Amino acid sequence: MNAISVVNPVTGLELHSLTPFSATQVALEFADAKLQQPSWEALGAKQRSKIASRLADLLAKNADRVMDQLQLETGKSRSHAFEEITGGLGAIAYYAKVTPKLMRRTRVRAGVPVMLSAYTEPQSVGVVGVITPWNYPLALTMMDVIPALLAGNAVVQKADNQTAKTVMLARDLAIEAGVPVGIWRVVYGEPTEVGNAVTDNADYVAFTGSTPTGKIVAERAARRLVGYSLELGGKNPMIVMPGADLEKAAEIAIGSAFGNSGQLCVSIERVYVPNHAKQQFEEILKRRVETLTLGNSHKFEFDLGALSSTAQVNRVAGFIDRAKSEGGRIVTGGRVLSEVGANFYAPTVVTDLPLGAEILHKEVFGPLIALVGYESLDEAVKLANDTEFGLNASIVGDP
């Protein structure tokens with residue numbers, strides 16, 4: 001098997017190479033994990049939660065080291081790397097607190113009261129397959145892997161090749177905290193081969209990624225009648241209400257659209273504003289967006305980092321170019337910033353789009369705000385709902 005080359009998004013130079021797993025190797029990881037899982041489950045929810053709390057302490061103590069690795073593999077700014085640390089810590093703290101209660105035996109109403117007693121007692125499913133993407137490798141790992149582990153399961157996680165080292169660093173900290181070696185395993189390699197192998201061997205699948213891949217996961221899991229959870233794409237709208245504070249609305253829109261350079265499934269990509277306020281709001285957005293700084297360092301000095309790859313830059317640029325060809329007008333941005341680094345794209349606001357424009361309906365996954373005017377709230381809601389996605393939506397101002 002050919003080695004996988006992992007490239008630094010900021011410099012365009014190779015960081016390291018990985019030896020990919022085969023489908024057969026993934027199946028062996030599941031088989032070994034299944035043998036070890038019962039002893040982990042027998043430890044009990046309280047003890048597992050204590051281990052998770054120790055992991056949180058270790059993650060906090062190693063925050064700079066983890067952020068350094070995150071930035072190397074993702075190209076994100078230091079502030080966005082810090083947001084991942086806090087998101088991961090929040091997930092660990094929450095599940096460490098609630099799991100003992102969720103897993104305990106609970107008496108419930110029986111079909112024939114007095115004569116019969118009934119209880120529920122949650123059980124682990126065995127070995128959970130977790131498939132995580134490249135955009136939030138630490139936070140999304142903690143949100144899926146930690147609850148699976150605390151419920152008494154073993155985990156085989158398919159990390160995206162680009163961010164596998166970040167995931168393995170988190171796994172190593174978990175082992176240091178007390179998770180037995182072999183209970184949380186990390187695999188990577190050719191996406192279809194390794195991803196399908198994870199889905200085909202897991203007792204439950206947790207997937208975060210694109211909608212087309214999510215459909216494949218759902219189909220393969222359904223064939224085996226195993227449970228699954230999917231967190232997929234979004235084309236998320238924000239409605240600015242009539243009378244809203246436009247400066248505040250612009251601040252919220254920018255924060256919601258350009259977090260992690262827009263590479264976020266819940267990122268706002270469409271903003272609907274009353275027609276009477278559209279020009280003023282456009283001017284505010286332009287002024288605010290053009291103050292954003294782009295770069296990558298281990299200091300908290302830049303607002304946005306790089307996109308994850310040249311392919312991602314080309315994807316965003318293609319959407320913007322096609323939006324212009326459909327009649328869209330670039331308010332600000334709309335260009336590659338090669339003078340900053342290998343994969344930087346200017347935060348962009350585009351407007352005057354026809355209602356059928358591609359950029360209003362398909363997920364861009366980049367630093368974009370598509371600005372659209374509306375006459376009535378009924379029209380705004382109709383426009384906001386005009387998408388196949390339903391992941392996230394926002395309203396700014398008093399209803």
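The following legends describe close-up views of a predicted model.

**View 1. Helix α3 and its surroundings.** Helix α3 comprises the twelve residues 63-74. At 1.5 Å a residue, a span of 16 Å is expected for α3, and the end C-alpha atoms are indeed 16 Å apart, so the two values agree. The buried residues of this helix are A63, V66, M67, Q69, L70, Q71, E73 and T74. Among the elements that cover these buried residues are strand β2 (14-18) and the helices α2 (45-61), α4 (78-103), α5 (137-150) and α6 (164-177). Just beyond the end of α3, G75 adopts a positive phi of about 80°.

**View 2. A nonpolar patch on the surface.** Four residues, V112, V114, M115 and L116, make up a nonpolar surface patch. Together they present about 460 Å² of accessible area. L116, one of the four, is located in the loop that runs between β3 (106-108) and β4 (118-120). With a relative accessible area of 47%, L116 is classed as partly exposed, because the partly exposed class lies between 20% and 50%.

**View 3. The salt bridge between E269 and K235.** The structure contains 19 salt bridges, and one of them joins E269 to K235, with the closest N and O atoms 2.5 Å apart. E269 belongs to strand β11 (residues 268-274), whereas K235 sits in the loop between β9 (227-231) and β10 (236-240). The pair therefore ties together parts that are 34 residues apart in sequence. E269 is buried, at 1% relative accessibility. K235 is likewise buried, at 1% relative accessibility.

**View 4. A salt bridge within helix α9.** K248 and E251 form a salt bridge in which the closest N and O atoms are 3.9 Å apart. Both residues lie in helix α9 (residues 246-258). Because they are three residues apart in this helix, about one helical turn separates them. K248 is partly exposed, at 44% relative accessibility. E251 is also partly exposed, with a relative accessible area of 41%.

**View 5. R329, D352 and a network of salt bridges.** The side chains of R329 and D352 meet in a salt bridge with an N to O distance of 2.8 Å. R329 is part of strand β12 (residues 329-332), and D352 is in the loop between β13 and β14, so this pair connects parts that are 23 residues apart in sequence. R329 is partly exposed, with a relative accessible area of 34%, and D352 is partly exposed at 39% relative accessibility. R329 and D352 also belong to a network of salt bridges that includes K278 and E282.

**View 6. E358 and its contacts.** E358 is found in the loop between β13 (348-351) and β14 (368-374). Its relative accessible area is 19%, and E358 therefore counts as buried, the class being defined as under 20%. The side chain of E358 makes a polar contact of 2.7 Å with the side chain of R322. When neighbours within four places in sequence are left aside, the residues in contact with E358 are F319, R322 and E326. R322 thus appears both in the polar contact and in this list of contacts.

Notes. Residues numbered from 1 in each chain as written. Predicted model: local features only at pLDDT ≥ 70, side-chain atom pairs only at ≥ 80, totals over all residues. Heavy atoms only, no water. Patch = residues over 30% accessible without salt bridge, like charges linked within 9 Å, V, L, I, M, F, W, Y side chains within 5 Å. Areas by Shrake-Rupley, 256 points an atom, 1.4 Å probe, with all protein chains shown as cover. Helix = DSSP H or I, 4+ residues; strand = E, 2+ residues; numbered from the N terminus. Buried < 20%, exposed > 50% of the residue type's maximum accessible area, 1.4 Å probe, protein only. Expected span 1.5 Å × (residues − 1). Contact = heavy atoms within 4.5 Å. Polar contact = N/O pair within 3.5 Å; in protein donor to acceptor, adjacent residues only side chain to side chain.
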